Amino acid sequence: MLLMLASLSVGRYPLAPEQVYALIRSALGGPPHALEAATAAVFWELRIPRTMAALLVGAALASAGVALQRVFRNPLAAPELLGISAGAALAAALAMALDSGVIGLRLSAFVGGLAAAGLVFAIGPILPLRDRMLGLVLTGVAVSSFLGALLVLVMVMSDPQRGLPAITFWMLGSFEAIAQSDLIWLALGCIVGIGPLWLLRWRADALALGDDEARSLGLSPMRLRLALVAAAALLTALSVAAAGIIGWVALVVPQAARLLAGAALGRLLPVAALGGAGFMLLVDTLGRLIPDLNLPPGAVAALVGAPVLFAIMLRRHG
């Protein structure tokens with residue numbers, strides 16, 4: 001609650017805690033507030049959408065990280081493995097270069113992220129390798145590198161006065177363009193992506209036992225992994241489309257949640273989702289502590305996430 005209060009108060013137009021309380025109390029049926037219309041507009045049209053978007057994006061990224069780390073049985077697995085971030089970044093850069101507007105940007109990023117994941121799904125399993133998951137990883141690395149090279153070409157060819165700064169800023173992440181109408185599709189996307197992970201939580205736990213044990217329980221390990229990866233791809237593409245490229249959340253938060261809740265997905269998933277929401281809200285709030293600077297969430301997430309990951313590694317192996 002204190003973190004949410006700080007997020008609602010901090011920014012270029014700071015609000016006092018009593019002002020936040022008065023606005024919320026009035027909206028819940030209390031006495032009308034006596035604040036200026038501009039103050040109420042900042043709160044309802046800027047702070048509330050930004051805070052809620054940070055919570056949803058953080059929960060989505062952390063849940064995607066949990067799914068991928070379970071699928072690949074690797075605590076360092078992250079959405080970048082599947083080329084989702086690279087595909088979304090390339091599509092968004094093209095949309096900005098063509099001046100497609102905010103809606104075109106987000107739709108392009110979402111479609112680009114899912115298309116990159118679909119390309120990895122199509123190529124990875126047909127590689128002549130015994131381990132299909134290794135094929136997915138190698139394909140994801142290759143696709144990410146290729147799409148990253150195309151992104152560099154788009155940036156070089158973009159207008160250095162307008163297009164290039166916009167692409168660079170978006171790649172560092174931003175919640176500034178979030179509006180109230182965006183919260184609906186963000187929330188629905190989180191439900192569609194996290195819902196299957198929750199429904200498959202018991203089956204996903206069987207993957208930790210090995211493929212032979214999973215088959216003995218009547219499960220298809222490859223189909224189960226593809227379902228989990230598809231949900232993670234959806235959540236990642238949704239997050240990138242809403243807020244740009246924000247790393248570390250999907251990598252660090254699941255590991256911290258595993259220390260608190262254990263490896264069982266039934267406990268790990270909700271703890272990681274809540275932790276991701278809180279981590280993302282903290283990152284966004286820290287970035288707004290200096291109003292004139294307004295650090296992008298992607299940069300702050302790296303500044304906070306790297307020491308946290310190092311501390312987790314020391315605790316786990318110390």
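Visitor: Let me get the term straight: a crossing is right-handed if the near helix is turned clockwise from the far one by less than a right angle, and left-handed if anticlockwise. So which is it where helix 12 passes helix 13, left-handed or right-handed?

Guide: Right-handed. Keep in mind that this is a predicted model.

Visitor: Noted. What angle do helix 12 and helix 13 pack at?

Guide: About 130 degrees, and the axes of helix 12 (residues 249-261) and helix 13 (residues 265-287) are 8 Å apart. Angles over 145 degrees count as roughly antiparallel, and that cut-off isn't reached here, so helix 12 is oblique to helix 13.

Visitor: Which residues make the contact?

Guide: Helix 12 brings V249, V253, P254, A257, R258 and A261. From helix 13 you get R267, L268, V271, A272, G275, G276, F279 and M280. Sorted by class, that contact has ten nonpolar, two polar and two charged residues.

Visitor: What about helix 8 against helix 13, what's the angle there?

Guide: Helix 8 (residues 182-199) packs on helix 13 at about 155 degrees, with 10 Å between the axes. That makes the two roughly antiparallel.

Visitor: And which residues touch?

Guide: I194, L197 and W198 on the helix 8 side, and L265, G266, L269 and P270 on the helix 13 side. Six of the contact residues are nonpolar and one is polar, with no charged ones.

Visitor: Switching helices. Where do helix 3 and helix 11 meet?

Guide: On helix 3, look at V57, A60, L61, S63, A64, A67, L68 and V71. Their partners in helix 11 are R225, L228, V229, A232, L235, T236, S239, A242 and A243. The split is 13 nonpolar, three polar and one charged.

Visitor: Roughly parallel or roughly antiparallel, those two?

Guide: Roughly antiparallel. Helix 3 and helix 11 pack at about 150 degrees, with axes 8 Å apart, and the crossing is left-handed.

Visitor: OK, pockets now. What volume does the largest pocket have?

Guide: About 440 Å³. Its lining has 23 residues, and M96, G101, L105, A166 and W170 sit nearest the centre.

Visitor: Which elements give two or more residues to that lining?

Guide: Helix 4 (84-97), helix 5 (101-123), helix 7 (163-171) and helix 11 (221-243). By class, the lining of the largest pocket has 13 nonpolar, five polar and five charged residues.

Visitor: And the second largest pocket, how many residues line it?

Guide: It has 16, with D131, R132, M133, L134 and R225 nearest the centre. The space inside is about 350 Å³.

Visitor: R225 again! Didn't you just list that one? Which elements feed the lining of this second pocket?

Guide: Yes, R225 of helix 11 is also in the contact with helix 3. Helix 3 (37-72), helix 6 (132-157), helix 10 (211-216) and helix 11 each give two or more residues to the lining of the second largest pocket. Helix 6 gives the most, with four.

Visitor: How many of those lining residues are charged?

Guide: Six are charged, alongside nine nonpolar and one polar.

Visitor: Last thing: how many cavities of 30 Å³ or more turn up in the whole structure?

Guide: One, with a volume of about 30 Å³.

Visitor: What lines it?

Guide: R50, F169, S174, F175, E176, N294, L295, P296 and P297. That works out by class as five nonpolar, two polar and two charged residues.

Technical notes:
Residues are numbered from 1 along each chain as its sequence is written. This is a predicted model: local features need pLDDT of at least 70, side-chain atom pairs count only at pLDDT 80 or more; totals for chains, interfaces and linings use all residues. Side-chain values use heavy atoms; hydrogens and water are left out. On a 1 Å grid over the protein atoms alone, a cavity is a set of points where a 1.4 Å probe fits but cannot get out, and a pocket is an open set with protein on both sides within 12 Å along at least five of seven lines; lining residues have an atom within 4 Å of a point. Grid points are joined across faces, edges and corners, and a volume is the space filled by probe spheres set on the points. Ala, Val, Leu, Ile, Met, Phe, Trp, Tyr, Cys and Pro count as nonpolar, Asp, Glu, Lys and Arg as charged, and the others, Gly among them, as polar. Axes are lines fitted to C-alpha atoms, for helices over the stretch in contact, and angles run from 0 to 180 degrees between N-to-C directions. Angles under 35 degrees count as roughly parallel, over 145 as roughly antiparallel, 65 to 115 as roughly perpendicular and the rest as oblique. Contact means heavy atoms within 4.5 Å.
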